[in-house]
Amino acid sequence: MDINILKGDITTVEAEAFVLFHFEQDDRLLETTAAVNDAVGSIIAQVIEAGDFRGEHLEHLLLYSQGSLKTKRILLMGLGKREEFSAHALREATAQSLRTLRDRRQPRAVLPIPFDGEFPLELSDTAEACVLGGMLGLYQFTELRTRDLDNIKDFDSLIILAQKNSKKLAGPVDRAKAMANGIYLARDLVTLPPNLATPTILAKRVGEVAEQAGVNFHLIDKGEAEKLGMGAFLAVAQGSDEPGLMVVLDYKPSKDDEPPVVLVGKGITFDSGGISIKPAKDMDRMKHDMAGAAAVVGAIQVVAALELPLRVVGLIPFTENLPSGKAYKPGDVIHSLSGLNIEVINTDAEGRMILADALTYAGRYEPQAIVDLATLTGACVVALGDDVAGLMGTDDELLGRLQAAGEESGEKVWPLPLWDSYFKLMKSDVADLKNVDGRKAGAITAAIFLKQFVPDGVPWAHLDIAGCAREEKGKPLVPKGATGMGVHLLVRLLQEWQPLGEDKR
């Protein structure tokens, strides 16, 4: 989609449709809406006064200018109540608007940006929210389609129309495009079928992303992993003919080796459960088990595009989890990179195994903080549902920042307790700890397991995104399928990053 910023007369710009906003239960028209209303003989005011359009959130109504304007159509979009408005609500409204027009095969739209002072957001934030929302709502994965290509509906062009200060909008629009591209990347990686997204293929693709973004790339192959002693990671990988590979992305904005923020993403490219095999029903969805890894890749691409003044390292262990004569087994005891021995109770608790070695490896960077993302437990979905990620960790300030970033991005997270008393559930009779207990507190015990591998004194947060990686029905910002959960949240966290409180490291 082409995005252009124009400064001009609202009555002379030409496209298929205007997108105009209105607040619920508000007698006042926004000035941009009022300008169009005046040009079309008060049609907009009349339908609002008659009660045919109330302005409820995502309510929309298509009107026609009937020759009064060069733009033929007017799409009214409701923003909901002014006191409940947010940037996320605006992103949703714009997403719904552009998708509605696309589905009607109207591929070009004009979006007049409301004036400063009459909208609850600053002008730049308004432009950024509109562009990001519009792009996310229009996402489609079509690269594997070979038939009926003529039936794929596209949206070609969005004109951001500014009455003044149009030059100030270029930066916000570019930021929104960078964010959307990172989320697109994450969605694409998760959507790819597992035969086209093996560890080898994904590592190559991530390497290409890193090269384009100017990010340092290093690949830890099986030989290097063995020399390092990454036994937990290698144990999961050994069941597949595909080698396990750990990708290291290092975004360094300066030559100084400053302590980075380390992002760790679970990269199980297909999860059969291994010897503890999953039921056949819905197993195809286990290609989504690398959504945490995809979020880290997407986030670092955005960080590089925005040139944030913060070193960020991404650690992404990629492997399949398959049953074979070589696969690790229930009852095995695995020696991890940390030196701890892990008793394997269930081979389907493989995500925490590969993350254990990645978290330990993160200590080599003496990081300011570590954040990991993983589609880790069904228990988290039971606790919080499909739309909220579980949040656990060791540092209240870091957890608070992640909650705030979630509110800003619309990717909500909610804290669960991480009391040390839960560790009793993870004690092993034959090793230092076991990789899973029973059904009780499953999301928490998984995080307690991970905590044992976090370098001493490093603030750490864990996001269980098991319910958030896939959208079943489709929403304004998230069409059915992969969500790209975590990219926006992580970038928001890093955009506003300040060193954590003293004596945290």
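Here is a guided walk through this predicted model, from the overall fold down to a few single residues.

Let's begin with the whole chain. The protein chain contains 14 helices and 20 strands. Its radius of gyration is 24 Å, close to the 23 Å that the globule rule gives for 505 residues, so the chain is as compact as a globular protein of that length. If you draw a box along the principal axes, the C-alpha atoms fill roughly 80 × 55 × 40 Å. Of the 505 residues, 58% count as buried. Contacts also reach far along the sequence: among those between residues at least 6 apart, 78% join residues at least 24 apart.

Now for the surface and the charges. The protein chain exposes about 21,100 Å², and carbon and sulfur atoms supply 46% of that area. There are 54 positive and 72 negative charges, and the mean positions of the two sets are 3 Å apart.

With that picture in mind, turn to the strands. Strands of a sheet pair through backbone hydrogen bonds, either parallel or antiparallel. One open sheet has three strands in the order E12-E13-E17, and its pairing is mixed. Strand E12 (333-335) and strand E17 (433-434) are the edge strands, each pairing on one side only. E12 and strand E13 (residues 341-343) run antiparallel and are joined by three bridges. To find one of these on screen, look for valine 333, whose bridge partner in E13 is glutamate 343.

Strand E15 (residues 389-393) makes a good next stop, as five of its five residues are buried. Ala389, Leu391 and Gly393 point one way from E15, while Gly390 and Met392 point the other way, and all are buried. E15 runs parallel to strand E16 (residues 413-415), with three bridges between them. Here leucine 391 has proline 415 as its bridge partner in E16.

A helix further along is mostly covered too. In helix H14 (residues 487-495), eight of the nine residues are buried. Among them are the leucines Leu489, Leu490, Leu493 and Leu494, and the buried set also includes His488 and Arg492. An α-helix has 3.6 residues a turn, so residues three or four places apart point the same way.

Next come two backbone details. Most residues other than glycine have a negative phi, and most peptide bonds are trans. Aspartate 148, although not a glycine, has a positive phi of about 55°. This aspartate lies in the loop between helix H4 (123-137) and strand E6 (157-162), and aspartate 148 is exposed, with a relative accessible area of 56%. Alanine 441 is not a glycine either, and has a positive phi of about 50°. Alanine 441 is found in the loop between E17 and helix H13 (442-451). With a relative accessible area of 30%, alanine 441 is partly exposed.

Finally, go back to the start of the chain. Methionine 1 sits in the segment before strand E1 (2-7) and is partly exposed, with a relative accessible area of 37%. Which residues does methionine 1 contact, leaving aside its neighbours within four places in sequence? They are Leu98, Met135, Leu138, Phe155, Asp156, Ser157 and Leu158. As for glycine 390, methionine 1 is 389 residues away from it in sequence and 34 Å away in space, C-alpha to C-alpha.

How values were computed: Residues are numbered from 1 along each chain as its sequence is written. This is a predicted model: local features need pLDDT of at least 70, side-chain atom pairs count only at pLDDT 80 or more; totals for chains, interfaces and linings use all residues. Side-chain values use heavy atoms; hydrogens and water are left out. Helices (H or I, at least four residues) and strands (E, at least two) are DSSP runs, numbered from the N terminus. The radius of gyration is taken over C-alpha atoms; the globule rule is 2.2 Å times the number of residues to the power 0.38. Buried means under 20% relative accessible area, exposed over 50%, partly exposed in between (1.4 Å probe, protein chains only). Contact means heavy atoms within 4.5 Å. Accessible areas come from the Shrake-Rupley method with a 1.4 Å probe; for residues, only the protein chains shown count as cover. Lys and Arg count as positive and Asp and Glu as negative; His and the chain ends are not counted. The place of a charge is taken as NZ of Lys, CZ of Arg, CG of Asp or CD of Glu. Two strands pair if DSSP finds at least two bridges between them.
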